[in-house]
Amino acid sequence: MPDLLIELFSEEIPARMQPRAAEDLRKLVTDKLVEAGLAYEGAKAFATPRRLALLVQGVPARQPDVKEERKGPRVGANEGAIKGFLKAAGLTSIEQAKVQPDKKGDFYVAMIEKKGRAAIDVIGEIVPEVVKSFPWPKSMRWGEASAKPGALGWVRPLHSIIATFGPETEDPDIVPFAVDGIAAGDTTHGHRFLSPETIKVRRFDDYVAKLEKAKVVLDPERRKQSILTDAKNLAFAQGFELVEDEGLLTEVAGLVEWPVVLMGSFEEEYLAIPDEVIRATIRNNQKCFVLRNPKSGKLINRFILVSNTEAKDGGKAIVAGNERVIRARLSDAKFFYETDLKTKLEDRLPKFKQIVFHEKLGTQAERIERIERLAVELAPLVGADPAKAGRAARLAKADLLTEVVGEFPEVQGLMGKYYAQAQGEDEAVARAIEEHYKPLGPGDRVPADPVSVAVALADKLDMLTSFWAIDEKPTGSKDPYALRRAALGVIRIVLDNGLRLKLQKAAPGPDLMSFFADRLKVQLREQGARHDLVDAVFALEGQDDLLLIVRRVEALGKFLDTEDGKNLLAGTKRAANILRIEEKKDGVTYDGAPNPALYRQDEEKALSKAIDAAKAEASAAVTREDFGAAMSAMAKLRPHVDAFFDKVTVNVDDKAIRENRLRLLNEIREATRAVADFTRIEG
Amino acid sequence: MRPERSFQGLILALQRYWADYGCVILQPYDMEVGAGTFHPATTLRALGPKPWNAAYVQPSRRPKDGRYGENPNRLQHYYQFQVILKPNPPDLQDLYLKSLYAIGIDPTLHDIRFVEDDWESPTLGAWGLGWECWCDGMEVSQFTYFQQVAGFECAPVSGELTYGLERLAMYVQGVERVYDLNFNGREGAQKVTYGDVFLQAEQEYSRHNFEHADTAMLFEQFRMAETACKSYLGAGWSTVGNQKHHLMALPAYDQCIKASHVFNLLDARGVISVTERQSYILRVRELAKACGEAWLATDAGGMTGSAA
């Protein structure tokens, strides 16, 4: 079956957009092929700085023919209806239609046969549609065509399109289409400098091979591999180790069509700058990799650059040029770092009075005061020295005003730690300054030192309560202040450190607890717990201690895995269901205590006794925070509940007895609430 | 005058190159601006349907970048070489690369790269897509396809090239400190360096920009420029038949440029707070937008049958 090759050749596509664009191209084209009845065997897309390419293998040469029945008007219907039907069905006379009986009489039915079209024609419609509506994050117009409205948009000017289609055994055809004046063809260009000539291609195999000869590696994964291998070897040969950086590697692979890895160096004096700042300087501004001494783990004064060309002089000028720029950048960084060291962190604080944190929440200075207050308050609860927690909170944001952080925001916190150490702060205070932003994402470390924990919690709880107070809550995908991350951070800090914290007190705010509950559900679900169990626990009164909630959920999960648990759940649900129905029917709630005098059967008496015992035992266990024991107490109910449903009829004629039995059912529901709201549990 | 031997040689080579292409070679605009883009030959000419190809050197003032002559790369006054081609020709990237070749940057020896850089000027209400052009890891130019200027869609789109002249010259001359650049290409006693020409000015203007610029006067100047801009704009509108024309877009735009520069000076003096900053930028943008609207109602802006 034929293969389809597409290449969209343009000016340089931003590196960060390439992977997504290749994937979008694949998906959009193949979805439309399938929609058009052209099921294919396989597809793969590629991107380089100057081209998006797509191979679709095994596309049928033609669409299948389709037969379709179209039901028309009743036999003998008026002429207008018949005419309309003929027109819609594409028939010339009513004799061409079949007559089919149905319940209401005889109807005309047209058999419409749609001949499948040649795939190449369908593709010729699909590709322009995809190109015209391509979902670039930002697209632009260009050239003369941009004078008119409706001009084609692309990420950068689009120059040519390859579209060939045909089986392996034959010369493929060019798919006949044009987009905004760019006609599909079978030619492209090689590397901008090393091989700019026109290349004529037939299909994917020779396309890839010819590009390679013209110094273009089409597959980004191959470019990445070759950069990584060369960089590691180059480092290893000199006894160094590459500091691997997947994000940078992907980006660099998107900046070159023909990667050539080179090594440069800088003056040793710059190694006085913290490693993280050197790395940020070299990585962010120059897209180069840093190297370290494999023994000490410290950076060395070398870097790896990836050029896009094989220079005539072997890369000497390129290395020299990059060294110049890196030297200038490091010189700036060193200057910033040394300037920063001259000012004490607390001397920077007055400036925060002029910096607005949020128009409704006042200045940064006010926010820092709130965090400090809260950190001091939380300190005893997390086992931290209140004075240290307060000190760390006061200084935690000061590095935002330093030159280095101004230049490289990603080293915030870390620089604060370095500057704190340099001015002789307590080690726990310095560490807390770095760690108070943590955890930043699911993979990030959770602070464990008590001072860090106090400040990290204070920082996040202040964010949450403040934005809750001005009703700026996250909605849908919108969470501009990263409040979900803050809540999740609180949860992880509390759980990982086994902290006992009454959140309602630490972070008051309307429905802030339910926000925590939602975050906790997400968190537990990711760990494989059932979200309905979280609901079942949160449905109880006064649940604001995350650690106890999680312990209870765990105990509940274990209990429900046992035979007793499953049956008790079934029994409780049955009781609740009967109650719901009967309460609705009678228009009353049966929530009073049952009257022992009205018990008529042994099973009733036994159940009532068991409930009393279980309630007492479970609530004592809950007070001890021994949820396992509470569950075991509940388990003892199970045979009595089963026996009750087995032997006792609830809806008897005697009104008083019936009502009393309903009250007893309510007791089951109430008793189980000592551990969880069983009605919220699924299954 | 070889481009790799002198600063002026570099400028002359670029002018020659773009003159040969057919550009109008203009002289710098005679007002203080923050970048070559502010020149009416770019900002205003980018608007409207008429073709326009121009190139010029523009002295650019960034008061905040002053370093009292002590930083090897940073200047509060420097030169940009600006090219604007409307509509952008399809081979603009090649034209640009050939211009680099013309000033001594050989692509068989150097690593030249187009790295994503979306350009936006909040004060001009303008944005475009393009790249920073890198030579061996150094940014030597900005390359932008204007999409919007003064709040109006560009139709057609202009291609804008901005060369950082000092940086390029340092690179081709192999000099580490801007003040060491050879300015006139002579050697020995006849050699004039960039420092000979500009070091004193950098020192003096840094004192001025950061310490002494009269802020009361500047606030007043901002207000005056804003008022004048609005009043010229108001006075310039005229109606011929049922079509509105504008007769004073350029003088009004001068006042917009003035306001923008005064704002930059106030910013350097640190007397504008973070929240105020935004509102000043907005005020300049409003002026720029109104000037763009006026320009589109002139002959050069593409209005037919203009009274002017």
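## A helix crossing in chain A

Let's start with a pair of helices: the axes of α16 (residues 483-496) and α20 (residues 546-561) of chain A come within 9 Å and cross at roughly 75°. Because angles of 65 to 115 degrees count as roughly perpendicular, α16(A) is roughly perpendicular to α20(A). Please keep in mind that this is a predicted model.

Which residues make the contact between the two helices? From α16(A) come A:Ile491, A:Val494 and A:Leu495, and they meet A:Leu546, A:Leu547 and A:Val550 of α20(A). By class, this contact of α16(A) with α20(A) has six nonpolar residues, with no polar and no charged ones.

## Domains of chain A

The domain assignment splits chain A into domain 1 (3-61 + 118-213), domain 2 (72-114), domain 3 (220-341), domain 4 (347-556) and domain 5 (562-680). Taken over C-alpha atoms, the centres of domain 1 and domain 3 of chain A are separated by 34 Å. Their contact takes 11 residues from domain 1 of chain A and nine residues from domain 3 of chain A.

Which element gives the most to the domain 1 side of this contact? That is strand β2 (residues 42-48) of chain A, with three residues. The residues on the side of domain 1 of chain A that touches domain 3 of chain A divide into six nonpolar, three polar and two charged.

## A four-stranded sheet and its helix

Chain A also has an open sheet of four strands, in the order β13-β15-β16-β14, with antiparallel pairing. The edge strands of chain A here are β13 (241-242) and β14 (260-265), each of which pairs on one side only. Strand β15 (residues 289-292) runs antiparallel to strand β16 (residues 299-307) of chain A, and three bridges join them. If you would like a place to look, A:Arg292 has A:Leu299 in β16(A) as its bridge partner.

Helix α8 (residues 316-341) of chain A lies across β14 and β16 of chain A. Helix α8 of chain A runs at about 50° to β14(A).

## Where chain A meets chain B

How many residues does each chain give to the contact between chain A and chain B? Chain A gives 32 residues and chain B gives 30 residues. On the side of chain A that touches chain B, β16 and α8 of chain A are the elements that give two or more residues. The largest share of that side, six residues, comes from α8(A). So the helix that lies across β14 and β16 of chain A turns up again here.

By class, the side of chain A that touches chain B holds 15 nonpolar, nine polar and eight charged residues.

## Inside chain B

Chain B is divided into domain 1 (7-209) and domain 2 (215-296), with their C-alpha centres 25 Å apart. Their contact takes 22 residues from domain 1 of chain B and 21 residues from domain 2 of chain B. The side of domain 1 of chain B that touches domain 2 of chain B has 12 nonpolar, six polar and four charged residues.

One more detail to visit is a hairpin formed by β10(B) and β11(B), with two residues between the strands. Strands β10 (residues 237-240) and β11 (residues 243-246) of chain B run antiparallel and are joined by four bridges. Within this pair, B:Thr239 stands opposite B:Lys244 in β11(B). In the turn, B:Gly241 has a positive phi of about 65°.

Key:
Residues numbered from 1 in each chain as written. Chains lettered and ligands numbered in written order. Predicted model: local features only at pLDDT ≥ 70, side-chain atom pairs only at ≥ 80, totals over all residues. Pairing = 2+ DSSP bridges. Contact = placed C-beta atoms within 7 Å. Axes fitted to C-alpha atoms, helices over the stretch in contact; angles between N-to-C directions. Domains from an automatic or database assignment. Nonpolar A, V, L, I, M, F, W, Y, C, P; charged D, E, K, R; others polar. Parallel < 35°, antiparallel > 145°, perpendicular 65-115°, else oblique.
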